[in-house]
Amino acid sequence: MSQIFHKSFNTLSKASVVLGGLLAASAIAWLLGANRAPYISLINVPREQPVPFSHKHHVGGLGIDCRYCHTSVEESAQASIPSTKTCMTCHSQVWTNAAMLEPVRQSYQNDQSIPWLKVHDLPDFAYFNHSIHIAKGVGCQTCHGQVDEMPLMMRKNTLNMEWCLTCHRAPEKFLRPREEVFNMNWTLPKGQTQEQLGAELVEQYHVQKLTNCSTCHR
Amino acid sequence: MSEPTSSAVPVEVAQRLAGQSGRKYWKSLGELTHDADFSARLTEHVRREFPSQVEILADPVQRRTFLQLMGASLALAGISSCTRQPDEHILPYAKTPEALIPGRPLYFATAMPWASGAIGLLVESHMGRPTKIEGNPDHVASHGATDLFSQASVLDLYDPDRSTTTVRNGRGSTWDELVASLGPDLEAQKLKGGAGLRILSGTLNSPTLAAQLNEVLAMFPKARWVQCEPVNRDNQRLGALMSFAEDVAPRFDLSRAEVIVSLECDLLANGPESVRLARAWADRRRSAAGMNRMYAVESTPTGTGSLADHRLALAPSGIDRIARAIAQAVGVDVGAAGGAQLGGEEQSFVAALVKDLKAQAGKSLVVAGEPLSPQVHALVNAINVKLGNVGKTLHFAEPAAPVSVEQLASLKRLSEEMARREVEILVILEANPVYDAPADCEFVAAMQQVPLRVHFGTREDETGVLCHWHVPASHFLETWSDARAFDGSLSIVQPLIAPLYATKSAHEFVSLLAGKPGASGYDTLREAWKARMGAPADFEARWQRALHDGFLADSAVRTREVSLKKFDAGAASVTPTGELELALRPDPSLHDGRFANNGWLQEVPKPVSKLTWDNALYLSPQTAADLDVESGDVVEVTHAGRKLKVAVWVQPGQARGSATLHMGFGRTHAGKLGNGPGFNAFALRNSAMPWGGPATIARSGETYKLACAQEHHDMDAMGFERDLVRESTPAAFARGEYGAPHLHAKPAESAAGAGHGEKPGHAEGALITQYPAYKYEGYAWGMVIDLSTCVGCNACVVACQAENNIPIVGKEQVARGRELHWIRIDRYFTGAAHNPRVVFQPIVCMQCENAPCEVVCPVGATVHGPEGLNDMVYNRCIGTKYCSNNCPYKVRRFNFLLYSDFTTPSLKLQRNPDVSVRSRGVMEKCTYCVQRISQARIDAKREDRAIRDGDVVTACQQVCPAQAITFGDINDKNSVVHRQKALPHNYGLLTELNTAPRTTYLSRVSNPNADIPQVAGS
């Protein structure tokens, strides 16, 4: 050790070299972990909204199709949050006096938007497009989770780039037939594995593994 | 003009100035004269590339401080990334408008009103915000392209300095108060028949507004409506009255012209009217059937002169002489005193030109610019009649404006009336005479004699602050109106957004004068159209059709036959001895100053001088030497008894003995950006000679800092023997010479790149390289820019800025070489400094296949895409600037400061939601509009097809009036860009470096007349 440490180094200073390294390593590990922890990623954290809209009730209970409200999901980058008018197509007939729907009625009467909290919020430098994912057989449930069981909307995935790339690098692990995209309870047909089906769909839908930066960043 | 050798210039330098030695292509006089000493050039080059960093590099302390700060900021930046994303809200519509798909833009047809004829536009709207302006492909004045003014007009809409509320005597007021207050005054005028009422407007080209004003005049029969704007067609009008005894305006058809002579006229690069002309001209330039030929005689270099096959730089009086000589030569009766004596060079020029004109009689065209005298306009009309061009290359018809008057004369009369206190109410409609009236009108003093002054305009400008009332006007993108195009086609001005502030449209304001203060602009317009169409049963369908198209089909004004009358051509103007000729001209970027607060237009480098944020007095190198002044010296100009201190800019190509000053600068109430820059040319203007005349210049000893971008981002071609610019002619083409000789022509000097029919794609057997051999199996994006047709109009620069959220940086930052334009137009001179030929070369990112920028990025913020794009990942960039240092084309731009405005709410509305807004410390560059490629790819894949040629149009390509830019997939054998890359005169820049650029150029091909000796040095 004398070649490395000068005589004047005592045990404490020698130990501190090792401990310092450990400390730095654990700090990095902590940061990496924190970035994936629910505190940062908000996974499984139900978010409070101006109106406690329940997907569990509307999708799971009543069986309304995703596209009834998220009208532009097949043709635009944004799935779009429905206008108040969409809410009122039903709620001018049912639950017309419910107190929890007061903000909806106010919005409709005053022509003012309801300020929904954005649950799935990508950074502004990432450009995600719903329509192309729908067209290539990525199910709603694949990214958004079991929405039909969520009383209040929450994230089920980190939406980190690392997470995006798991599919962009190996789409066959996640794809389903186009006609099953909006099915919340889709399961693999009997006797087929996801890899088999996925590989077929990748071929059939001409799915590319786009992992270059400008696919999402511009 | 004889070749001067002033004693102030050393012989060697004089030789270089005369183009007899030195570099073939040069950007600035400094570059031209420093040439002999290589080391001086090297220093000069470093100075040019890093104007602000020379001291930093030389000063070790600063460098160390810089590294310390960078280390600290790196550590801090790392910590800041571990935060939770702030909560954001989504605000959906309460009731979604019809046809709107959130996330996808809608396009609406509208038109930008303009004195010489409106231009039809398609405006991109994102969730109700107009963000980007494109040309309307079906509109007669646009053909899908636009000029830079219409491109930049969207920024004016969101200008935070626009006036937002009615102002009465400097205090906030309301429209209702105005209505209540103005009522009794108007009633009082009614009793007098309106004898004390005057309405002043710019050139109106809205038929509905003109009809409304006529309605007002019918109520006030003794009132008068004065139209005046600084750039008008007074001389053209008087010329037509002289030659044809009727007020007709010419309409040019360049598609049929074999020979074009442009006299002091920026035919191809001057506002909306040039868009269609540039297109027709460029189509003939590309045509295999034979190129047209263009001659230009002008005092100050313009885009048109730069494109001309032959250009003669003459002071305005010289151009007068040339016009007379041409007239005489083609047999026009110029009268006893009307002839002109020419010098040697002029004589041979005119002789060759006239021979060409006569040979192409009926297929030629002579065009006179507005600054020339009415006599010259009349002579030019006569020349065109004599040559049999009328009815072929030009037609005459009623002017586009519904009411045509002699503008400056009527403004002068108004001033006199006001000074005599005959005017009791002055209503000013979107005009700014306090700033732009000729100085001899003494407009301010006269106006202050008027007891009630009402100003209606988009901002409280110089005129607005001196009026009792200021009423804010809506921008044309907030207005229902109509306008006539150059040929009279009725175009609809349709609002893209409800007025952002409490503003009114001109129709609503004039309705107030007509006693109908509540009338809406929409109703007024619709009723007027209904009446004009004769209230047909299917009006609604036809109205909807016109709204959709942006214009009413078949509404052009018919051309009419004209017959030449005998007229007195007067005498040729004489060059004043011992004096210079001052030329006052509209600014290529700000026009008459109405765009002074538009940052995009202030910062775009002027086509030839490359000045930004200022105007200056352009002097030729010889004149400057004679006066012993140089660029940046302040001189005092005396013209028509008025004096103005103005900075000098030595401009190669400026006519000797002339001095040009552009209008539109030196404003005091334009807004934060427009106040201050430059010198107010209107302070010198005289209504008797509105376009200038004799002037004297005296040195003041002061200096002024000008921010010129001409040497910024300079490509280092030193040590390479091939020119960055290549030129050819049809004759040379026939011999197989397509540009500069290829001294090191190697079989596969570039993969996608340089010409001679090489196959695009990564060629086998290329120069040895350590770069990975990328295979481009899918799309391979590439661009070709045709140097033959680029008119240097800057529309692409501004279009790119609008599309890609590129901020402005300000004069001080431009002076440090930090402007952010992703596309720059390099302007090269070649030949003698007194009359060089100019070549424009737009430079975008070359998207190199072997990209030097990518390999030096330590964080992978710029990486190679599978389709050949050099992707830029802003969120990874830590600002080392290595990529920019390593880029041989100097296309990378760095955000040295926080240039993007993150705070002003109105400016955020303009941003393109498909492109990141970059922050400080981030490198950026042209991406070939990757957002448009992505959208096209997604659209194609959803339909399970390939992207078709033409699906992806870059912003610069879309806006180009001359269609000089082609973009597409070079792997697609049927694409236009593939065919262009295979042309023999396709070449890449600096391909010796084996960068394999995806952007390539077509040599500038000009069509010179063999009878005229080529400019020395070319």
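Biologist: Which residues sit on the two sides of strand β40 of chain B, and are they buried or exposed?
Modeller: T999(B) and Y1001(B) are on one side, T1000(B) and L1002(B) on the other, and all are buried, so both faces of β40(B) (residues 999–1002) are covered. Buried here takes 20 or more other C-beta atoms within 10 Å of a residue's own, exposed 12 or fewer, with partly exposed in between; the C-beta atoms are placed from the backbone. Strands are DSSP runs of E, at least two residues, and helices are runs of H or I, at least four, numbered from the N terminus.

Biologist: Before I go on, what kind of model is this?
Modeller: This is a predicted model, where local features need pLDDT of at least 70 and side-chain atom pairs count only at pLDDT 80 or more, while totals for chains, interfaces and linings use all residues. Residues are numbered from 1 along each chain as its sequence is written, and chains are lettered from A and ligands numbered from 1 in the order in which they are written.

Biologist: Ok, back to β40(B). Which strands pair with β40(B)?
Modeller: Strand β31 (residues 781–786) of chain B runs parallel to it, joined by four bridges, and M783(B) has T999(B) as its bridge partner. Strand β39 (residues 986–987) of chain B pairs with β40(B) in the antiparallel sense over two bridges, with N986(B) opposite L1002(B). Pairing needs at least two DSSP bridges between the strands.

Biologist: And why is β17(B) largely enclosed?
Modeller: Five of the six residues of β17(B) (residues 452–457) are buried, so the rest of the structure largely encloses this strand.

Biologist: What does β17(B) pair with?
Modeller: Strand β16 (residues 425–429) of chain B is parallel to β17(B), with five bridges; I428(B) partners H455(B) there. Strand β18 (residues 469–472) of chain B is also parallel to β17(B), over four bridges, and V454(B) is matched with W469(B).

Biologist: New topic: how many residues of chain B are in contact with chain A?
Modeller: 36 residues of chain B are in contact with 38 of chain A, where contact puts the C-beta atoms, placed from the backbone, within 7 Å. Helix α29(B) (930–942) gives the most to chain B's side, six residues.

Biologist: Which strands pair between the two chains?
Modeller: Strand β1 (residues 116–117) of chain A and β2(B) run antiparallel, joined by two bridges. W116(A) has I90(B) as its bridge partner.

Note on methods. Contact = placed C-beta atoms within 7 Å.
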